[in-house]
Amino acid sequence: MDFRLTPEQQAFQAEVIDFIEHGLPAGWDEEFDSLEDRLAIERDIMKRLAAKRWLALPWPKEYGGLGASPMQQMLFNEQMAYHGVPGTVNMGVAWVGPVVMLYGTEEQKARYLTRIADGTDLWCTLYSEPGAGSDLAAMQTRAVRDGDDYIINGQKIWTTFGHYADWGWLAARTDPNAPKHKGISTFAVKMDSPGITVRPLVNMAGTHEFNEVYFEDVRVPASQLIGEENRGWYNVAVGLDFERSSIGATSNARRTVDDLVAYLKERRGRTPDAIRHRMAEHAIGVQLLRNMAYYIASQQEKTGIAPTREAQMAKLFGAELQQRIAGTAVQIFGMEGQAARPGSKALRYQYLLLRSVANTIEGGTSEIQRTVIATRGLGLPRE
């Protein structure tokens, strides 16, 4: 492929950079004193993006987007991630909206899409369970029809941002006797519905992103069933057809390498050869990953489908690269990297190292990624 951007793509990239430099609220890149402060900034940013139709950038114009191409979406995500702009990871845009567009009723489209595209409603994803993570189709949360409602009982886990989401995108089993991929349905669920309990899961880095969510006789109107009953597995799979270039991980890793190189140049004394060589390896790895991301987006633009093998490879390589870079960063700071105090530059990298453990678990474990690459990508037998 030709890795050079077209004049139109260059102009769009420049517009995004200009927005980051001049269009964001004051203090967006500072440390947040509380979850409420962070959420207020994120909602402000979402509203500003929505005003430019950038929040739902790839959506059709009639639903509040710009009908952006995969390359435009990737360029947008790349700059937002590189500069660390919060509020741009939007589950409502990524997979709720596309499913509603494809399978929802006109009433559901009117009810949900506008409030996602204009930044009013935040969504969380209610998929994983304690016994159904990598094997998602093994979920056991039940949805039983009762008149005009479904009654939901069960438990979800690793629900990102479930503690401040307005709506939940729920996958639940509606036919326990069907093959496990066949008896699942998807629902839109108000997170303040009676019977829903959200409990925090604080990760090893000390931050609260994940949650356990319990459903105890939660009544969900049948009008909030999205698509056909028992065909929810196909709704879940729809999200895989959207931007899968891993450009976010690429950009985060690239920014970390750039910042570390700048720090090493400023620091007094000669950098040990081992660190210099490792930083060179990381810089090469970041560029390889970036090239993969561009290739994936370009192929998706040509065919309408992201190449599965390459997308899985990018996810796997990116997750493990982030862990390696974080490990090098902590080593650069020595003891300070292991016992960083508030205000220390090392504190950021200590957090990255601890948080990077989740990179090879969330979104599909590295073991699962390797299996998918081998079987679906290369056609190798399972045994």
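# A tour starting at Arg53

Select Arg53: this residue is partly exposed, with a relative accessible area of 34% (buried means under 20% relative accessible area, exposed over 50% and partly exposed in between, with a 1.4 Å probe and protein chains only). Before going on, note that the model is predicted, so local features need pLDDT of at least 70 and side-chain atom pairs count only at pLDDT 80 or more, while totals for chains, interfaces and linings use all residues. Residues are numbered from 1 along each chain as its sequence is written, and side-chain values use heavy atoms, leaving out hydrogens and water.

Stay with Arg53 and color by secondary structure. Arg53 sits in the loop between helix H2 (35-51) and helix H3 (70-82); helices (H or I, at least four residues) and strands (E, at least two) are DSSP runs, numbered from the N terminus. Although Arg53 is not a glycine, its phi is positive, at about 65°.

Now show the neighbors. Leaving aside residues up to four places away in sequence, Arg53 touches Lys61, Gly64, Gly65 and Leu66 (contact means heavy atoms within 4.5 Å). Zoom in on Lys61: its backbone oxygen is reached by the side chain of Arg53 at 2.8 Å. For a longer view, add Gly327, which lies 274 residues from Arg53 along the chain, with 38 Å between the two C-alpha atoms.

Next, select Trp158. This residue is in the loop between strand S3 (149-156) and strand S4 (167-173). Trp158 is not a glycine either, yet it has a positive phi of about 60°.

Finally, zoom out to the whole protein chain, where you can find 12 helices and eight strands. The C-alpha atoms fill a box of roughly 75 × 50 × 45 Å along the principal axes. With 383 residues, a compact globule would have a radius of gyration near 21 Å, and the chain agrees at 22 Å (taken over C-alpha atoms; the globule rule is 2.2 Å times the number of residues to the power 0.38).

Try coloring by burial: 49% of the 383 residues count as buried. With contacts switched on, 70% of those between residues at least 6 apart in sequence join residues at least 24 apart. As a last stop, show the surface: the protein chain exposes about 18900 Å², with carbon and sulfur atoms supplying 52% of it (Shrake-Rupley method with a 1.4 Å probe).

Note on methods
A polar contact is a pair of N or O atoms within 3.5 Å; within protein, one must be able to donate a hydrogen and the other to accept it, and residues adjacent in sequence count only if both atoms are side-chain atoms.
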